Amino acid sequence: MSSPLGRTALTTLGVVGAVGVGTAVWGMGIERYLYTVRRHEVHILPAGSAPLRILHLSDIHMAPWQRRKQRWLAGLADELHPDLVVNTGDNLGHAEGLTGVRAALDPLRGIPGVYVHGSNDHDAPLPRNPLRYFSGPSTSIPRPDRLDVGALDDYLQSTLGWRELNNAAASFAVDGHAIVAFGVSDAHRHWDRLEVLPPLVDDLKAQSPELTIGVSHAPYRRVLDSFTGLGADMIFAGHTHGGQVRMPGFGALVANCDIPLDQARGLSTWTSEGRSVPLNVSAGVGHSIYAPVRFACRPEVSLITLTAVDADSGSGGAR
């Protein structure tokens, strides 16, 4: 006959096991398909300006068989009616991922957009031990499977009409809004060239734009500080997956970069160079095909509606 202590231990192990199985089933079989639109309003446009709706896409990590994700993304143009798309990289998750990207993003054709690269626009994902992320940002390792980033760029630029911002800047107008946008390639792989931006941005800002935005795949502090110093009115980033697995009541456990964990997902404020700038870090739509799980961190896009500052107080802000 087993002792009461032994029966208690077995019961506890059974409960822990059941919770573990339930968590895995939820994260792998349910939540990673619960696609969500996060909506925010940010008051940063000059007084009297019309609103500007920005669709922020990130970390799609597309594989060709991910039809549900493709259908959901394809419906966003008609559902959200964005004026501008900001894509912060990692569009591909498989060698044939561009087929799925086309199916997902074709309805956005003709809507102005800007984009930067993440490493998974160049290289296929590799299996990783997820526990290693607790020791700090992942390190670069040789990538044997190159992706066709040239074909991706041709699609984003020639078909969709979007502007590339990899260590570059551009000026354009959207529904009467004069915009300057600048960005860097994946800072996680040290592809960012922050030193090339100041003369490019200064030259374009001489045109007195209504809005200046900074775009990065990975929200490293050095990038956010530089963007703030360059006069960005708002910054967009991705890469973190919002932690991908979050602890209810606590938040992200890892960010895979040096941003504070409480800013690894969503709209916050980045303060540097004596300025405070709205920062939106998207948790992204996808995940590596080798880590098909989301827990307390639904796959997402963001709809950021920029509106005019309070005409009476002259103050701006976000909500």
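Is His239 buried or exposed? In this predicted model, His239 has a relative accessibility of 9% and therefore counts as buried, since the limit is under 20%. The exercises below extend this kind of reasoning to other parts of the chain.

**Exercise 1. Describe the protein chain as a whole.**

Solution.

Step 1. Secondary structure: the protein chain contains seven helices and 15 strands.

Step 2. Burial: 51% of the 319 residues of the protein chain count as buried.

Step 3. Surface: the accessible surface of the protein chain is about 13,900 Å², and carbon and sulfur atoms account for 55% of it.

Step 4. Contacts along the sequence: when contacts between residues at least 6 apart in sequence are taken, 74% of them join residues at least 24 apart.

**Exercise 2. Locate the largest nonpolar core and examine Leu57 within it.**

Solution.

Step 1. The largest nonpolar core has 30 residues. Those with the most contacts inside it are Leu57, Leu73, Leu105, Leu108, Trp162 and Val301.

Step 2. Two or more residues of this core come from each of β2 (52–57), α2 (67–74), α3 (76–80), α4 (97–105), α5 (149–159) and β14 (300–308). The element that gives the most is α4, with four residues.

Step 3. A second, separate core has 24 residues, including Val201, Phe227, Ile259 and Ala264.

Step 4. For Leu57, neighbours within four places in sequence are set aside. The contacts that remain include Leu73, Leu105, Leu108, Trp162 and Val301. Among the other contacts of Leu57 are Leu76, Val85, Val86, Asn87 and Thr88.

**Exercise 3. Establish the setting of two glutamines, Gln66 and Gln70.**

Solution.

Step 1. Gln66 is placed in the loop between β2 and α2, whereas Gln70 is found in helix α2.

Step 2. Gln66 has a relative accessibility of 14% and so counts as buried. Gln70 also counts as buried, because its relative accessibility is 6%.

Step 3. Beyond its neighbours within four places in sequence, Gln66 is in contact with His61, His287 and Ile289. With the corresponding neighbours left aside, Gln70 is in contact with Met62, Ala63, Pro64, Gly100, Ala103 and Ala104.

Step 4. The C-alpha atoms of Gln66 and Val101 are 9.9 Å apart, although 35 residues separate the two in sequence.

**Exercise 4. Characterise the second largest pocket and the histidine His287.**

Solution.

Step 1. The volume of the second largest pocket is about 190 Å³. It is lined by 14 residues, of which Arg32, Tyr33, Trp65, Gln66 and His287 are the closest to its centre.

Step 2. Sorted by class, the lining has six nonpolar, four polar and four charged residues.

Step 3. His287 lies in the loop between β13 (275–281) and β14. With a relative accessibility of 6%, His287 counts as buried.

Step 4. Not counting residues up to four places away in sequence, His287 touches Arg32, His61, Gln66, His241, Gln244, Pro292 and Val293. Two of these partners, Arg32 and Gln66, are also listed with His287 among the residues closest to the pocket centre.

Step 5. His287 and Pro125 lie 162 residues apart along the chain, and their C-alpha atoms are separated by 9.8 Å.

**Exercise 5. Compare the backbone and burial of His239 and His241.**

Solution.

Step 1. His239 is found in the loop between β9 (234–237) and β10 (246–247). His241 lies in the loop between β9 and β10 as well.

Step 2. Neither residue is a glycine, yet each has a positive phi: about 75° for His239 and about 60° for His241.

Step 3. His241 has a relative accessible area of 10% and is therefore buried; the value for His239 is 9%, and His239 likewise counts as buried.

Step 4. His241 is one of the residues touched by His287.

**Exercise 6. Describe the surroundings of Leu230.**

Solution.

Step 1. Leu230 is found in the loop between α7 (221–229) and β9.

Step 2. The relative accessible area of Leu230 is 11%, so Leu230 is buried.

Step 3. Apart from residues up to four places away in sequence, Leu230 touches Phe182, Leu197, Pro198, Val201 and Lys205. One of these, Val201, belongs to the second core.

Step 4. Leu230 and Lys205 are 25 residues apart in sequence, and the distance between their C-alpha atoms is 9.8 Å.

Notes
Residues numbered from 1 in each chain as written. Predicted model: local features only at pLDDT ≥ 70, side-chain atom pairs only at ≥ 80, totals over all residues. Heavy atoms only, no water. 1 Å grid on protein atoms, 1.4 Å probe; cavity = no way out; pocket = protein on both sides within 12 Å on 5 of 7 lines; lining within 4 Å. Points joined across faces, edges and corners; volume = space filled by probe spheres on them. Nonpolar A, V, L, I, M, F, W, Y, C, P; charged D, E, K, R; others polar. Core = buried A, V, L, I, M, F, W, Y, C linked by side-chain atoms within 4.5 Å. Buried < 20%, exposed > 50% of the residue type's maximum accessible area, 1.4 Å probe, protein only. Contact = heavy atoms within 4.5 Å. Areas by Shrake-Rupley, 256 points an atom, 1.4 Å probe, with all protein chains shown as cover.
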